[in-house]
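Reader: Could you take me through one part of this model up close, the helix packing, and then show me how the rest sits around that? I'd like the residues by name.

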Amino acid sequence: MGPWRSTRAWRPVRPVKKVKSREATTAPNARAVARDVLLRVDRDGAYANLALAAALSRTDLSVRDRRFATEIVYGVTRMRRACDFLIARFVTRELDPAVRATLRMGAFQLQFMRVPAHAAVAETVAVAPGRARGLVNAVLRRVSEAPVNWPDDATRLSYPDWVLDRLVSDLGAESARRALEAMNRPGKASVRADGYIQDRSSTWVADLVGCRPHERVLDMCAAPGGKASWMARGGATVVANELHTSRARQLQGNSRRLDAGLLVVNGDGACPPFARACFDRILVDAPCTGLGTLGSRPDARWRIDPPAVDRLVAVQQQLVDRAITLLRQGGTLVYSVCTLTKAESLGIDDHLARTHTGLVPLDGPAEPWRPWGRGSILLPQAAGTQGMALFRYQATGGVRGHEPPGTGSVASSLDTSAVRRS
Ligand SMILES: C[S@@+](CC[C@H](N)C(=O)[O-])C[C@H]1O[C@@H](n2cnc3c(N)ncnc32)[C@H](O)[C@@H]1O
């Protein structure tokens, strides 16, 4: 974080009176917890969700205060750039991280929450480092009074420039703006009947694979297992492959807990231990930049870097190329990503169209999905879900590496030490 500069010098402002509202008795504790977590995220690079969970586990905050602390931590993490702009107008000197975290928290309450200004200022000042209380009080009072003229959309919406630029160029200005606004609202995951918490869009993708009883299905990139366990409900045999060992363990734990009966494989989808043409359906829910999930992953927007797009496109191409060799003739391939860049969606479909002419695109799903080249896109603003892109194909005779149904065997070529029936 660079030095803090502004065109206006900081002027001391008289302290606000003590507030005798309900917030005065409950909120300071929640704000202190939130401030500490924000400090860890900013100074130590901690993940907001992990740092928050750890901090909350050490407190006896009420449910209401936990919710309040969570809203502040996630909100400030998302809206950090906007909060910094609000503050920087009134600060001329470099701030120490604890003071910066406190000011961001105050600015967030004033600009983006419905906390009354007097309470937002007084209660935030109450948890500021002692020597900085005057400064925090003065700056927050100015923030609460001054009109805001945002310099640009990236600052107002609080995203890195490249994310805004990329989505404007890929989706068009209006769709991009609405997508970015939608992802500034907290994500709404749903709880499935079996207790698993999942975004509705993931359930829709799993349904669109269209698994039937007794079919052999591969989820090539399966952890933590939301889609695989959902696909297994109907009686298909689902092989759930995952590259990273710790995530494969998590996948296996989820499969056991949900009694999903997944065959968990810890392997690289780019060189998987399966026979050619042995699956009826394959889902490649590929690793991606995750730009459709920024609503539920508050710090992700600051962690992804632009080169990640090209790096991931190379991995995605490898995965779909390999998936095709594992698909039986007449089988179904579904490629999905929870991101909104063209390169990771239309770009992969272009690659498939050029290199695998025997793959025939299948019809796209109805609204809230909308057509996206030969596939479909689900924008976050369409139904309040995560953003996704999805392409479905049927493998016809012209696809390289196919064999007729029944000639392949999953088990014959599996490294059985890597497979666990859970
Ligand atoms: C989008 S997530 C999958 C989400 C999962 N399908 C679900 O619904 O729960 C992508 C996963 O692919 C894994 N992955 C990354 N590279 C991989 C590779 N080469 N082979 C297999 N899995 C890979 C990541 O570790 C991550 O768990």
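Author: Here is a walk through the helix pairs, followed by the ligand shell, a few backbone oddities and the confidence scores.

Bear in mind throughout that this is a predicted model. For the packing itself, two numbers do most of the work: a packed pair of helices is described by the angle between the axes and the distance between them.

Let's start with α4 and α5. Helix α4 covers residues 80-88 and helix α5 covers residues 97-112; their axes are 9 Å apart and the packing angle is about 95 degrees. Angles of 65 to 115 degrees count as roughly perpendicular, so α4 is roughly perpendicular to α5. On the α4 side, the residues in the contact are Arg80, Cys83, Asp84, Leu86 and Ile87, and they meet Leu103, Arg104, Ala107, Phe108 and Gln111 of α5. Sort that contact by class and you get six nonpolar residues, three charged and one polar.

Next along the chain is the pair α6 and α7, and here the geometry reads another way. Helix α6 (residues 117-126) and helix α7 (residues 133-145) have axes that come within 9 Å and cross at roughly 160 degrees. With the cut-off for roughly antiparallel set at over 145 degrees, that makes α6 roughly antiparallel to α7. The crossing of the two is right-handed. From α6, the contact takes in Ala117, Val121, Thr124 and Val125, while α7 brings Arg133, Val136, Asn137, Leu140, Arg141 and Ser144. That contact divides into five nonpolar, three polar and two charged residues.

The third pair is α15 and α16. Helix α15 runs over residues 307-325 and helix α16 over residues 346-355, with axes 10 Å apart and an angle of about 40 degrees between them. That value is neither under 35 nor in the 65 to 115 range, so α15 and α16 are oblique to each other. This crossing is right-handed. Val313, Gln316, Gln317 and Val320 are what α15 puts into the contact, and they face Gly347, Ile348, His351 and Leu352 of α16. By class there are four nonpolar and four polar residues here, and no charged ones.

Now to the ligand. There are 20 residues around the ligand, and those that come nearest are Cys221, Lys227, Leu243, Gly269 and Asp285. Two elements give two or more residues to this shell: α12 (226-232) and β4 (237-242). The shell residues split into eight nonpolar, six polar and six charged.

The backbone has a few spots to look at too. The peptide bond from Ala223 to Pro224 is cis, with omega near 5 degrees, and Pro224 sits in the loop between β3 (216-219) and α12. A cis bond also links Glu367 to Pro368, with omega near 10 degrees; you'll find Pro368 in the loop between β8 (359-361) and β9 (370-372). Then there's Asp259, which isn't a glycine but has a positive phi of about 55 degrees. Asp259 belongs to the loop between α13 (245-258) and β5 (263-266).

Finally, how far to trust what you see. The average pLDDT over the chain is 89, and 87% of the residues score at least 70. Two stretches need care. Over residues 1-28 the pLDDT stays under 50, and the model has 49 contacts beyond four places in sequence for them. Residues 411-422 are also below 50, with 24 contacts in the model beyond near neighbours in sequence. Where pLDDT is low, the predicted coordinates should not be read in detail.

Conventions
Residues are numbered from 1 along each chain as its sequence is written. This is a predicted model: local features need pLDDT of at least 70, side-chain atom pairs count only at pLDDT 80 or more; totals for chains, interfaces and linings use all residues. A residue is near a molecule or strand if its C-beta atom, placed from the backbone, lies within 6 Å of it. Helices (H or I, at least four residues) and strands (E, at least two) are DSSP runs, numbered from the N terminus. Ala, Val, Leu, Ile, Met, Phe, Trp, Tyr, Cys and Pro count as nonpolar, Asp, Glu, Lys and Arg as charged, and the others, Gly among them, as polar. Axes are lines fitted to C-alpha atoms, for helices over the stretch in contact, and angles run from 0 to 180 degrees between N-to-C directions. A crossing is left-handed if the near helix is turned anticlockwise from the far one by less than a right angle, and right-handed if clockwise. Two residues are in contact if their C-beta atoms, placed from the backbone, lie within 7 Å. pLDDT is the predictor's confidence in each residue, from 0 to 100.
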